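Biologist: Please choose one part of this model and examine it closely for a first-year student. I should like to see how that part is placed within the rest of the chain, explained step by step.

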Amino acid sequence: PNGEHPIWAFVKDTPLVFDRKEPTDTGRLCLVCPDAAYPAKSLTPDQCKRLVRMVAAGGCQPVVIGSDLHPSYPSPDRTPAGADKHTYIEDASWVVGAENEYVFMAAAAGVRTTLIPTGPGTELFKTMFPHGEVNERF
């Protein structure tokens, strides 16, 4: 968990090129995703509250989304599963959170995405999604 991300170790020296997608701004829904996939750490409840306030101040409607794969946040607004995850991402104009399926799926779909770095996957995220944002203040 303290070393290099295993997928990053695999792709960093390859000739893989990832497409740059310009994020779309389609709605006012913002997904706040505090749960993290190992080896990253989930956001704390305090960090999540701060993100919700930041998102609301920016004019978006925040919805705290929990993960059914690696749940840790005690009280998400919703915990979608399967194809419902895609539906939430399609309805979002912004997805912000720790390293998890929502953040990576949203960035791949061209939704505005902000990673809050809590683990070793930041370089992987930046390489795969050059249009993605990284907010190190949280």
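Modeller: Two strands are said to pair if DSSP finds at least two bridges between them. With that in mind, and remembering that this is a predicted model, let us look at strand S1, which spans residues 29–33.

First, the setting. The protein chain contains five helices and five strands, and along the sequence they follow the pattern α-β-α-β-α-β-α-β-α-β. The five strands make an open sheet in the order S2-S1-S3-S4-S5, with parallel pairing. The edge strands of this sheet are S2 and S5 (133–134), each of which pairs on one side only. In the order of the sheet, S1 lies between S2 and S3. As general background, strands of a sheet pair through backbone hydrogen bonds, and this pairing may be either parallel or antiparallel.

Consider one neighbour at a time. With S2 (residues 61–64), S1 pairs in the parallel sense over four bridges. On that side, Cys30 has Pro62 as its bridge partner, while Val32 stands opposite Val64. How does the chain travel from S1 to S2? The path crosses through helix H2 (residues 45–57), and this β-α-β crossover is right-handed.

With S3 (residues 92–97), S1 again pairs in the parallel sense, here over five bridges. The bridge partner of Leu29 in S3 is Ala92, and Cys30 stands opposite Trp94. Cys30 can therefore be placed in both pairings, because a bridge joins residues of paired strands: its partner in S2 is Pro62, and in S3 it faces Trp94. Trp94 has a further partner of another kind, since the charged end of Arg112 sits over its ring, 3.8 Å from the ring centre.

Next, are the residues of S1 buried or exposed? Five of the five residues are buried, so the strand is largely enclosed by the rest of the structure. Their side chains are divided between two directions: Leu29, Leu31 and Cys33 point one way, whereas Cys30 and Val32 point the other way. For the protein chain as a whole, buried residues make up 43% of the 138 residues.

Leu31 deserves particular attention. Leaving aside neighbours within four places in sequence, Leu31 is in contact with Val63, Ile65, Tyr88, Ile89, Ala92, Trp94, Val95 and Val96. Contacts between separate parts of the sequence also appear in the chain-wide figures: among contacts between residues at least 6 apart in sequence, 55% join residues at least 24 apart.

Leu31 also belongs to the largest nonpolar core, which has 19 residues, and is listed with Val95 and Phe125 as having the most contacts inside it. The elements giving two or more residues to this core are S1, S3, H4 and H5. Of these, H4 provides the largest share, five residues. A second, separate core has 16 residues, among them Cys48, Val55, Val64 and Phe138. Val64 is the residue that Val32 of S1 stands opposite.

Finally, Phe125 leads from the core to the aromatic rings. The structure holds three aromatic pairs. In one of them, the rings of Phe104 and Phe125 have centres 5.6 Å apart and planes at 80 degrees, so this pair is edge-to-face. The two residues come from distant parts of the chain, 21 residues apart: Phe104 lies in helix H4 (residues 101–109) and Phe125 in helix H5 (residues 122–128). Both residues are buried, and the relative accessible area of Phe125 is 0%. Phe125 forms another aromatic pair with Phe129, this one tilted, with 5.5 Å centre to centre and 55 degrees between the planes. Phe129 counts as buried too, because its relative accessibility is 7% and the cut-off for burial is under 20%. Through these ring pairs, Phe104, Phe125 and Phe129 are linked into a cluster.

Terms used:
Residues are numbered from 1 along each chain as its sequence is written. This is a predicted model: local features need pLDDT of at least 70, side-chain atom pairs count only at pLDDT 80 or more; totals for chains, interfaces and linings use all residues. Side-chain values use heavy atoms; hydrogens and water are left out. Rings of Phe, Tyr and Trp (its six-membered ring) pair if their centres lie within 6.5 Å; planes under 30 degrees apart count as stacked, over 60 as edge-to-face and the rest as tilted. Buried means under 20% relative accessible area, exposed over 50%, partly exposed in between (1.4 Å probe, protein chains only). A charge sits over a ring if NZ of Lys or CZ of Arg is within 6 Å of the ring centre and within 35 degrees of the ring normal. A crossover is right-handed if, with the strands pointing away from the viewer, the path from the first strand over the helix to the second runs clockwise. A nonpolar core is a set of buried Ala, Val, Leu, Ile, Met, Phe, Trp, Tyr and Cys residues joined through side-chain atoms within 4.5 Å. Contact means heavy atoms within 4.5 Å.
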